[in-house]
Amino acid sequence: MRSQIVAGGAAVLLLTARMVSAAGPVMGPILNTANGHNYYLLGPDTWTGDEASAQALGGTLATVRNSQENAWIYSEFMPTANNNLWIGFTDPSHDTVGGSTHAANFVWASGEHSTYRNWAAGEPSNNGGNEWYTLLQYQTYNLVQPLQWNDVQNVQGTTYGVAEVAPEPTSIGIIGLAAGMLLCRRRGV
């Protein structure tokens, strides 16, 4: 989104926070050696805005597979963001109920089936019936502690996004996979 102000005959271009995120990452790529994926810190935006920016980079908002990855994301990006971080966990059903039904609706934007969860006590609460997006908490807020997750509304504020981009398979890897499959077939495996 752009706005132009004309002052004294000169046009001044103003960029909004949405443009900062859409223009590219604030930081990255940073390689997570544990999984070989690159991560980027995206500017503050809505969950859906940062997810669109992550897709433009060839990935999605981050999938968190275990407590080590949760801690890694926090330690890598929190010092720069100094605020909450969007991760790729969402309730696409946009239901208005809470409790276990709401919790069971959450899926990863990447389509992965990670079973790791780090919800704060009482979360996901779906407070107000429209908390369908997940953030990694920066500092203590009510009962939510740093590193824990909270379901929130899709609002633009000061929450940054963390994009995860998996490497593309190489032609050598694909040839190796095909050769391995052929060898197994010949051996009757």
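## Overall fold

Of the 189 residues in the protein chain, 40% count as buried, meaning under 20% relative accessible area with a 1.4 Å probe and protein chains only. The model is predicted, so that local features need pLDDT of at least 70 and side-chain atom pairs count only at pLDDT 80 or more, while totals for chains, interfaces and linings use all residues. Residues are numbered from 1 along each chain as its sequence is written, and side-chain values use heavy atoms, leaving out hydrogens and water.

The protein chain holds 5 helices and 10 strands, taken as DSSP runs (H or I of at least four residues for helices, E of at least two for strands) and numbered from the N terminus. Among contacts (heavy atoms within 4.5 Å) with a separation of 6 or more, 65% join residues 24 or more positions apart.

## Nonpolar cores

The largest nonpolar core (buried Ala, Val, Leu, Ile, Met, Phe, Trp, Tyr and Cys residues joined through side-chain atoms within 4.5 Å) has 22 residues, of which Leu41, Ile73, Phe77, Leu85, Trp149 and Val162 touch the most other members. At least two residues of this core come from each of β3 (27-32), β4 (37-42), α3 (67-81), β6 (85-90) and β10 (160-165), with α3 giving the largest share, 5 residues. Another core, of 12 residues, lies apart from it and includes Ala54, Trp86, Trp132 and Tyr133.

## Confidence

The average pLDDT (the predictor's confidence in each residue, from 0 to 100) is 84 for the protein chain, and 77% of the residues score at least 70. Residues 1-23 have a pLDDT below 50, although this stretch has 30 contacts in the model beyond near neighbours in sequence.

How values were computed
Buried < 20%, exposed > 50% of the residue type's maximum accessible area, 1.4 Å probe, protein only.
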